[in-house]
Every structure is written in C-alpha cells, then in structure tokens.
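Student: Got a minute to walk me through a fold? I have the sequence and the coordinates open.
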Amino acid sequence: MVDYKKIGLVNTRKMFAKAVDGGYAIPAFNFNNMEQMQAIIQAAVETKSPVILQVSKGAREYANQTLLRYMAEGAVEYAKELGCAHPEIVLHLDHGDTFETCKSCIDMGFSSVMIDGSSLPYDENVAVTRKVVEYAHQYDVTVEGELGVLAGVEDEVSAAESHYTKPEEVIDFVSKTGVDSLAISIGTSHGAYKFTPEQCTVDPKTGRLLPPPLAFDVLEAVEEKLPGFPIVLHGSSSVPQEDVDTINKYGGALKAAVGIPEEQLRKAAKSAVCKINIDSDSRLAMTAAIRKTLAEKPAEFDPRKYLKPARESMKKLYIHKIVNVLGSNDKLLEK
Ligand SMILES: [Zn+2]
C-alpha cells in the first residue's frame, strides 16, 4: 500500500472547494509519455496552477500503470526543481471501469479515482460507485462518479449516443454513493470527432463547422439540486483548427474534426464545473508539430529533434488552457 501523501501528491478535495468558490476550473490533462508529462508540469509551474494528471485505461495499457505512477512521483520532484515549493498535483484514474481497477490504483498511490458506472443500470452504478467510495475514503482518496452518457470514442470508452444527465437523479446518486465529484453529460463528447457534420451548422464567415451548444439548462438544473457540489466535464477539447490544418497540410487526413468552442468552456468554468478534461487537443498539438518537423527536415532521424517542438507545442497549449480558458493560474493554496 503506497500512501500518496508520502510521495507529495494531493487529492482533489481542497482544490475543488476553492475552484467552485472562485469560479474557475482545474485542468485534468491525460498523459501517456514523458514529453507530455514534462509539458504539463512546466505549464502548471509557470502559471502557478494546480493540475490533475490523468491516466486512462488506454494509457495503462500503452505505458504500464506502475511506470506512470512513478512518473507522477517524479513529476512532484520535477515541479519543485522548476521552482514550485508546494506543487498541487493529483494523480487520477480516468474512467475506472471496475472496483478492482480502482482498488489497484489506490493501492499503488493514486490520490483520486473515477469509477465510471454510467453505462450500467442506475442501481448498479450506485452500488459499484458506493463500493469504490467506501474503499477509497479509508485512505483519503477522492472519487469521481458519472451520471449520463457522453458520445464519442476515447481509448476504450465509447458510446454511439449521448444521454444528458437527469437532474432529478443527482441528489439521490450523490447521497447514496458519497462521491466527491460528479461527471455529467451536457453535450460534450470524447475524441476529435465530437459531432457529425449533420449535427453542426456552417459558420458563414469561415465556412467551418459550428457544433451544437452545450446544454447549460441541464448544468443549471444540476447546480440547483446540488449547490456548491463539484461538477466535472469530460470530452472538453476544442480541436484547434490550426492544428487540424497543419496536420492535413503535412500529409494527415483528419476530416471534419470538431470540438467544444472555448467560450462555452470558459462559461462552464465559472459555474460549479471545477474539473475540465482535455486530451485530444494535446494529441493534435503533438501530431501537428511532429508532422511539420518531419516534413520540413526529412533527413532528421533523432526523435529528440521532433519531440522537442512537439513538447513545446503542447506546453503552449496547456498554458493557453490554464490562463485563457479555465482560469486556474495563480490558484495554489500555498505560495
Ligand atoms: Zn472521459
């Protein structure tokens, strides 16, 4: 049993309470490799932001969860070396699918886990979430549950259709399970293809696809039922068109990739939404930089030469999200 506090990680309790009060959201960035982790930590330290490092099922399969856990321990020391005396870094399991997965992450030092029972019948979702909370809270690990279904594909998580969260269920779910935060479905979606062209309208100025707006009425109804309770948004990449264009210019073939406009996320961050998950945007930033470098320097074969611009590009993206979208800069509890 590894005590996450001994390796310098924190859970989400205090940072979420402060974020809900302060009208901003904490970034939850997925990581799978060293360059991504370096970019996240550099961005968090430079902006003095708390940060959630997320590990998905796909990341655990790709990189190995033990290795990722030690990278997070390294991230704490790396942040201190970069000049942050009291880093606030959460190591979070994204979309835990069973009690056993959540338990294994808690046992190896994760400070926060998500149990995603949203595809189960309501009573089964309550039962498995309750079981994870009972185990996690013995070790002061915080737990995120989910109600409602997001469309889209992200690693192993996929659903063809979204179902908005039913506001009438949230009080019962939170009181029966004891979860610390709740992911809801209000029209965000996993992956880089969040909406089909038929669901979008065309911007007459740019000719680009505009996605349907988020269901802020559902969010407001949830906030009314659970005042001040931490709410989480998944699938909240914005799919920057510059990166899509760069990828396509240098040999890529991304068609009609559409994300959530940043002004909608900015509005959500000011509400009880206190954690916003961003994964696809960093994949796009990394891929765009690698494609561009390799196309411009075809003789290059040192991975450091194309991963360095990729890391810089991801860092720029993370800083932009923290400062211009979520507002979590300068929000550390201790200076
Ligand atoms: Zn998700």
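Tutor: Sure, let's go through the strands, then some helix packing and a few single residues.

Tutor: Keep in mind that this is a predicted model.

Student: Okay, what's the overall strand arrangement, and which way do the strands pair?

Tutor: There's a closed barrel of eight strands, in the order E1-E2-E3-E4-E5-E8-E12-E13, and the pairing is parallel. From one strand to the next, the twist averages 25°.

Student: Let's start at E1 and E2. How many bridges hold that pair?

Tutor: Three bridges, in the parallel sense, between E1 (residues 26-30) and E2. If you want a spot to click on, Ala 28 has Ile 52 of E2 as its bridge partner.

Student: And what do E1 and E2 make together with H2?

Tutor: A right-handed β-α-β unit: E1, then helix H2 (residues 34-47), then E2.

Student: Is E2 mostly covered or mostly open?

Tutor: Mostly covered: E2 spans residues 51-55, and five of its five residues are buried.

Student: Which residues sit on which side?

Tutor: Val 51, Leu 53 and Val 55 are on one side, Ile 52 and Gln 54 on the other, and both faces are covered. That fits the usual pattern, since side chains in a regular strand alternate between the two faces of the sheet.

Student: What's on the E3 side of E2?

Tutor: E2 and E3 (residues 89-96) pair in the parallel sense over five bridges. Val 51 stands opposite Ile 89 in E3, and Ile 52 has Val 90 of E3 as its bridge partner. So if you follow Ile 52, you'll find Ala 28 as a partner in one pairing and Val 90 in another.Student: How many of E3's residues are buried?

Tutor: Eight of its eight residues are buried, and E3 is mostly covered.

Student: What comes next to E3, at E4?

Tutor: E3 and E4 (residues 112-115) pair in the parallel sense over three bridges. Leu 93 has Val 113 as its bridge partner in E4. There's a helix involved as well: E3, helix H5 (residues 99-107) and E4 make a right-handed β-α-β unit.

Student: Switching to helices. Where does H6 lie relative to the strands?

Tutor: H6 lies across E4 and E5 (142-147), and it runs at about 165° to E4.

Student: And how does H6 pack on H7?

Tutor: Two packed helices are described by the angle between their axes and the distance between the axes. Here, the axes of H6 (residues 122-137) and H7 (residues 170-177) come within 8 Å and cross at roughly 40°. That crossing makes H6 oblique to H7.

Student: Which residues make that contact?

Tutor: From H6 you get Val 126, Thr 129, Arg 130 and Val 133, and from H7 you get Phe 173, Lys 176 and Thr 177. By class, the contact of H6 with H7 has three nonpolar, two polar and two charged residues.

Student: Back to H2. I'm looking at Ile 41, is that buried or exposed?

Tutor: Ile 41 lies in helix H2, and it counts as buried because it has 28 C-beta neighbours inside 10 Å. The cut-off for buried is 20 or more.

Student: What does Ile 41 touch, apart from its sequence neighbours?

Tutor: Leaving aside neighbours within four places in sequence, Ile 41 is in contact with Ala 75, Tyr 78 and Ala 79. Ala 79 is 38 residues away from Ile 41 along the chain, with 6.2 Å between their C-alpha atoms.

Student: Last topic, backbone angles. Which sign of phi do most residues other than glycine have?

Tutor: Most have a negative phi. Lys 48 has a positive phi of about 55° although it is not a glycine. You'll find Lys 48 in the loop between H2 and E2.

Student: How exposed is Lys 48?

Tutor: Lys 48 is partly exposed, with 17 other C-beta atoms within 10 Å.

Student: And what about Asn 64?

Tutor: Asn 64 has a positive phi too, near 90°. Asn 64 is in the loop between helix H3 (57-63) and helix H4 (65-81). With 11 C-beta neighbours inside 10 Å, Asn 64 counts as exposed.

Key: Residues are numbered from 1 along each chain as its sequence is written. This is a predicted model: local features need pLDDT of at least 70, side-chain atom pairs count only at pLDDT 80 or more; totals for chains, interfaces and linings use all residues. A residue is buried if 20 or more other C-beta atoms lie within 10 Å of its own, exposed if 12 or fewer, and partly exposed in between; C-beta atoms are placed from the backbone. Helices (H or I, at least four residues) and strands (E, at least two) are DSSP runs, numbered from the N terminus. Two strands pair if DSSP finds at least two bridges between them. A crossover is right-handed if, with the strands pointing away from the viewer, the path from the first strand over the helix to the second runs clockwise. Axes are lines fitted to C-alpha atoms, for helices over the stretch in contact, and angles run from 0 to 180 degrees between N-to-C directions. Angles under 35 degrees count as roughly parallel, over 145 as roughly antiparallel, 65 to 115 as roughly perpendicular and the rest as oblique. Two residues are in contact if their C-beta atoms, placed from the backbone, lie within 7 Å. Ala, Val, Leu, Ile, Met, Phe, Trp, Tyr, Cys and Pro count as nonpolar, Asp, Glu, Lys and Arg as charged, and the others, Gly among them, as polar.
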